[in-house]
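The exercises below ask the reader to characterise contacts between chains, contacts between domains and some local backbone features. Each task is followed by a solution that goes step by step.

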4 protein chains.
Amino acid sequence: MDFRSDNVTGAHPKVLEALVAANRDAVSSYGEDPISERVTRKLQAIFETDCAVFPVATGTAANVLALSSMTPPWGAIFCHEVSHIAVDECGAPEFFTGGAKLVTLGGKGGKIAAAEIEARGGAGKGVVHHVQPAAVSITQATEFGAVYRQEEIAAVGAACKRHGLRYHMDGARFANALVTLNRSPADLTWRAGVEALSFGATKNGALGVEAVILFDKTLTPEFELRRKRGGHLFSKMRYLSAQLEAYLEGDLWLANARHANAMAKRLAEGLARLPGSQLEYEVETNEIFVRLPEPAVAGLEREGFRFYRWDGAQLLRLVAAWNTPAAAVDAFLAAAKRLLAANAA
Amino acid sequence: MDFRSDNVTGAHPKVLEALVAANRDAVSSYGEDPISERVTRKLQAIFETDCAVFPVATGTAANVLALSSMTPPWGAIFCHEVSHIAVDECGAPEFFTGGAKLVTLGGKGGKIAAAEIEARGGAGKGVVHHVQPAAVSITQATEFGAVYRQEEIAAVGAACKRHGLRYHMDGARFANALVTLNRSPADLTWRAGVEALSFGATKNGALGVEAVILFDKTLTPEFELRRKRGGHLFSKMRYLSAQLEAYLEGDLWLANARHANAMAKRLAEGLARLPGSQLEYEVETNEIFVRLPEPAVAGLEREGFRFYRWDGAQLLRLVAAWNTPAAAVDAFLAAAKRLLAANAA
Amino acid sequence: MDFRSDNVTGAHPKVLEALVAANRDAVSSYGEDPISERVTRKLQAIFETDCAVFPVATGTAANVLALSSMTPPWGAIFCHEVSHIAVDECGAPEFFTGGAKLVTLGGKGGKIAAAEIEARGGAGKGVVHHVQPAAVSITQATEFGAVYRQEEIAAVGAACKRHGLRYHMDGARFANALVTLNRSPADLTWRAGVEALSFGATKNGALGVEAVILFDKTLTPEFELRRKRGGHLFSKMRYLSAQLEAYLEGDLWLANARHANAMAKRLAEGLARLPGSQLEYEVETNEIFVRLPEPAVAGLEREGFRFYRWDGAQLLRLVAAWNTPAAAVDAFLAAAKRLLAANAA
Amino acid sequence: MDFRSDNVTGAHPKVLEALVAANRDAVSSYGEDPISERVTRKLQAIFETDCAVFPVATGTAANVLALSSMTPPWGAIFCHEVSHIAVDECGAPEFFTGGAKLVTLGGKGGKIAAAEIEARGGAGKGVVHHVQPAAVSITQATEFGAVYRQEEIAAVGAACKRHGLRYHMDGARFANALVTLNRSPADLTWRAGVEALSFGATKNGALGVEAVILFDKTLTPEFELRRKRGGHLFSKMRYLSAQLEAYLEGDLWLANARHANAMAKRLAEGLARLPGSQLEYEVETNEIFVRLPEPAVAGLEREGFRFYRWDGAQLLRLVAAWNTPAAAVDAFLAAAKRLLAANAA
């Protein structure tokens, strides 16, 4: 009954089985192994294009290795003010880029609007006093669980193209967005202009692996050097790749995301029915932001439910994961109902 | 029959079992889990001191996060000219330190002499035109498989102390050195002045984990920020820690290293008996550098034995690992014997 | 009749005379000359404290060398969203700090409020996912010509102290602010908590020199290394110092600033009397922001007056300098009056 | 009688006159002034090519802005082990490049041999574990006063071309080399493959200015951003350019260098005749390295002659400058003769 994050969960048994299976024989290190090769081919098939694939172990690594391959030290990266790269990575993008500037934008639900990029994407270009517009990074799904529609992604892509900006997508929860949208991975990425994707797996059933997918393969040589130089090239790469292979096999990643989203929906619908509870955002993926009165929040905590008080007060973030049991959701709802009723009395 | 490196091997079954065992329940992320806590206590016991312990996933990460916490951007890091940090990390130390300078020194077998540090450790200090002596990094065991004796480590430590230099040990193969020396881990590190150790596990039976051990805990706050900022803080930390726990449990790490060293010794002794073969260095751990005539080298390759031609010619590096079978060693020796005899004929 | 900036002007004749006078004899380089020594003593007298003084040649150098000596790579620097460091230095602060983050704040007239620092100065402290609050930089006078009062400076200083933040003042136009406020340099800086000041001279009558003044001398060793490493340590330092000596001698700096401010006042008062002209900010120093109808703006341009269209449209920035003739001001006013009248007709 | 360096001298009177003459009118800042334009045209004429010209104020700035525009963060820069960039810039190249590695080479008189570049210029190319060969920097004249012949420069250039390396020349004393060689500036730079030159003036009669000359103009956009971001773009650029204009006018730079070299020759020839004195290197420009017995060295110091003990002992560096009087040389020789005779007695 821990709703704090999708990173408090374990890994899917099939992912662990894949690790055990990978643990055979001596194989070439640093990604020259057959599993890594298969994962690349599998992701190329899923994304219907000849992309480059680089497994790394953390989401921060995926984001900053991609972004730094797309942004010079004097570049500006446009992103949302609540985005992970802006808020939760301790300045890793600045570090890896050699001091680029994150220009943060507002926007409902954690989404930035194409119009903002249209308006600012050329600011200061060619004027040495100003950082130079270089890249855009969007988060799919966003930190508030919202999902960019294909046309929204493409509109940002068009603005990037017009201004000569690189285009990155932080897809730490890409699977959750995908199953909501019911569109092809290709439609939601490179066909809409995205050039690099941080393809998340850790939160959705892996132990610790993400794939950086470069749709623009000209970025590859620099990316590979940055990965090594960042300490993110694994000698025993097979164990990252094996996680990804199991994650993709039989569409496990989609099944996991569907389950997480369904549990979030169940929770959200239950909360919507409770007087005194107020959902902060529409629930499109696996994150719920809900406001409850303090006695109910404190009561839930007392009863052992775990979640974040997002604002330090009564706005709760509840995250459903690939393995959240329906029973846990129902238990939370029952407790909330009881506590809210007691509070209202 | 792959002697290329100890990183082409798989992981010890007990390490994998530990991963499976760790895959239970929701636990706090980013190292706030019970396994991580236990690993810290275990390493504190092994090293007989209240050290700080940080699991990371690659040796490069371990080295550069430690070094950058000990060296300002204008610092000089003294190290051997063949050291991993100088040669094999694509400038990662320069990147993480913000541009420090590796001052490379010679020295037999990949070992640097305390006298060198004594002589150069104060050069340019306080003169703004020059980089400032900041740290020393030694490798135990070295890239050539040599081992620093306790008194050698301590002599470097004394030179560091005299010149106000930080002291780091790259212990990617610390276990192999330890079992050779038969001294306590404490004697070979902090009691000899070492302030930070990259404690390797990947090459010796893990999937991908090293521990940075800070004997000087004042380095901790900066280290923790650098780890996050470098993309090296794992959300599901339990899976790094579980590897380490199994690695340490029942002295598995020592048993693995003993086996690797024993296989290397068996191989070296066999080679020493073969006319036409010439060992380049004394074999103290699990690496062998041997010179053979080209027909023999080519013959071994043809027969499917794998190894590196270290100089691109006839100097071979052969690495024995925790799981190298005696039969593989014997097969190599038999083939070498036969090929050398044919060549001599 | 060029009102574009106070950096389009030449230098005061006395400053040039000082250069000629300094051009005698061989003297020690890198600041070990008697003129540099005298400048330090003079500024210590002016600021009534034992500060450290470092002449550098550009305002950007002054700001970023100071800030980078006060901010770790993972630090946050709070500053105004229109500040020179945030907007006009091409990311130099990010470069010199190794990737720190400028957290930009709003505030009337380019001034940030102490309350903002109080509210945000501790955010994320000790949490590795977030950049760490490290420093505050205010601009005196601001980019809009506004002046911080002593109590405002001190209030920010108190907030810095409470949160353990470093405190920097960009004083590219410090002289202009000083003569407006009629307080002692000490009161407006270190007595109010400021630890480092970029003390401008270039815009106010020098050829190209600013002094970084460190009120906290513990910053000195790191600053000196950063200055050299940044390429900002001059071998023939005497020529920077000679400019400063003449600039300070006989309070030339104050006379220059008084003149510039007086000319700005004359211009502002004239404009205030013209129907159709609208001053955007109160004029406290030597910068005027005024809105005129397009025909008047175009007319002024046609007649050879030079200024910036601040917003690319009809908001003009007019800057008065140490050598702006009253006649030029009057000519501008006469033309504006005529053009506005024609436009109104 | 100060032979410590050519940077302890003042500036040529004509350079100061040019500053005074430049001090007229308001002109556009940041290099958009007519003097800067004229200097570019003048240097294009001198170098017989359409090069880009950027005045900066220090030699370190010139070197590192040029090198960082030619070298990625993971690049290797080949240079001599005594070169200014390797030894005397406090790691500025590492800082500006974002952590590139200076690979230092030996070579007589401070010169590196083309054969070294041929041999090492491709090492590790494309292998992510190693820094990538990126650039070569030679110093003309070298730190020991030696001069690269045209064919030597061209041979290094050919090696650069073969390996795809960028080619930089640190010409802090370019004028001194030029007058020794009696070849055209074009022959000694771009016609021999040099792509960027740090063209020194400070040591040879200016107050503080060097020109970065980019023969490959594709480097320009990045260079301009790096210059600003490094704090090296002067608002009142006219005062840098005016120095250069006077320096070039009427071949003042060549006359100055000829004088310095002639004085060095006079000194060297005098020393060569003195028993007990031993010249360390052939004297090709304006630097002399001579070994004298300690009593003579101490005696010279006692009598007020100033110079560096290069090795901290009895190897003296004596530098002649554009304004060294013959009388000073003769006085030194007379004193040395007397002291050596006394010592021999």
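A salt bridge is counted here when a side-chain nitrogen of Lys or Arg is within 4 Å of a carboxyl oxygen of Asp or Glu. The model is predicted, and the solutions should be read with that in mind.

**Exercise 1.** Describe the interface between chain B and chain A, and state how many salt bridges and how many residue pairs in polar contact are counted between them.

*Solution.* Step one is to establish the extent of the contact: 47 residues of chain B are in contact with 47 residues of chain A. In terms of area, about 3,800 Å² is buried between chain B and chain A, and carbon and sulfur atoms give 56% of that. On the side of chain B, the residues that lose the most area to chain A are B:Phe95, B:Arg229 and B:Lys236, which together make up 20% of what that side buries.

Step two applies the salt-bridge criterion, and the count between chain B and chain A is zero. Polar contacts give another result, since 35 residue pairs, both at pLDDT 80 or more, are in polar contact between chain B and chain A.

Step three assigns the contacting residues to helices and classes. Each of α1 (13-22), α3 (59-68), α5 (92-97), α9 (220-229) and α10 (238-248) of chain B supplies at least two residues of the side that touches chain A. That side of chain B has 20 nonpolar, 16 polar and eleven charged residues.

**Exercise 2.** Carry out the analysis for chain C and chain B, and find which helix of chain C gives the most to the side that touches chain B.

*Solution.* Begin with the residues, of which the contact takes 17 from chain C and 17 from chain B. The area that chain C and chain B bury between them is about 1,500 Å², with 70% of it on carbon and sulfur atoms.

Next come the specific pairs: the count of salt bridges between chain C and chain B is zero, while eight residue pairs, both at pLDDT 80 or more, are in polar contact. The helix sought is α9 (residues 220-229) of chain C, which gives six residues to the side that touches chain B. By class, that side of chain C has seven nonpolar, five polar and five charged residues.

**Exercise 3.** Determine how domain 1 and domain 2 of chain A meet, and how many salt bridges are found across their interface.

*Solution.* First fix the bounds, which are 13-252 for domain 1 and 254-344 for domain 2 of chain A; the C-alpha centres of these two domains lie 29 Å apart. The UniProt annotation (unreviewed entry) "domain: Aromatic amino acid beta-eliminating lyase/threonine aldolase" covers residues 2-292 of chain A, and over residues 2-292 the chain is 40% helix and 16% strand.

Then examine the contact, in which 22 residues of domain 1 of chain A meet 16 residues of domain 2 of chain A. Between them the two domains bury about 1,600 Å², 52% of it on carbon and sulfur atoms.

Finally, turn to the pairs and their surroundings. Two salt bridges are found across the interface of domain 1 and domain 2 of chain A, and the count of residue pairs in polar contact, both at pLDDT 80 or more, is 15. Helix α8 (residues 174-181) of chain A gives the most to the domain 1 side that touches domain 2, with six residues, and this side has ten nonpolar, seven polar and five charged residues.

**Exercise 4.** Locate the peptide bond that joins A:Gln140 and A:Ala141, and the residue A:Glu48, and describe their backbone angles.

*Solution.* Take the peptide bond first: A:Gln140 and A:Ala141 are joined by a cis peptide bond with omega about -15°, and A:Ala141 lies in the loop between β4 (132-139) and α7 (150-163) of chain A. In chain D, the bond from D:Gln140 to D:Ala141 is cis, with omega near -15°.

For A:Glu48, phi is near 55°, a positive value in a residue other than glycine. A:Glu48 lies in the loop between α2 (34-47) and β1 (52-56) of chain A.

**Exercise 5.** Describe the salt bridge between C:Glu245 and C:Arg38, and place both residues in the chain.

*Solution.* The closest N and O atoms of C:Glu245 and C:Arg38 are 2.6 Å apart, which meets the criterion of within 4 Å. The pair links distant parts of the chain, with C:Glu245 in helix α10 (residues 238-248) and C:Arg38 in helix α2 (residues 34-47) of chain C, 207 residues apart.

Terms used
Residues numbered from 1 in each chain as written. Chains lettered and ligands numbered in written order. Heavy atoms only, no water. UniProt positions renumbered as here; feature names shortened; annotations may be inferred. Helix = DSSP H or I, 4+ residues; strand = E, 2+ residues; numbered from the N terminus. Contact = heavy atoms within 4.5 Å. Buried area = accessible area lost by both parts, 1.4 Å probe. Polar contact = N/O pair within 3.5 Å; in protein donor to acceptor, adjacent residues only side chain to side chain. Nonpolar A, V, L, I, M, F, W, Y, C, P; charged D, E, K, R; others polar. Domains from an automatic or database assignment.
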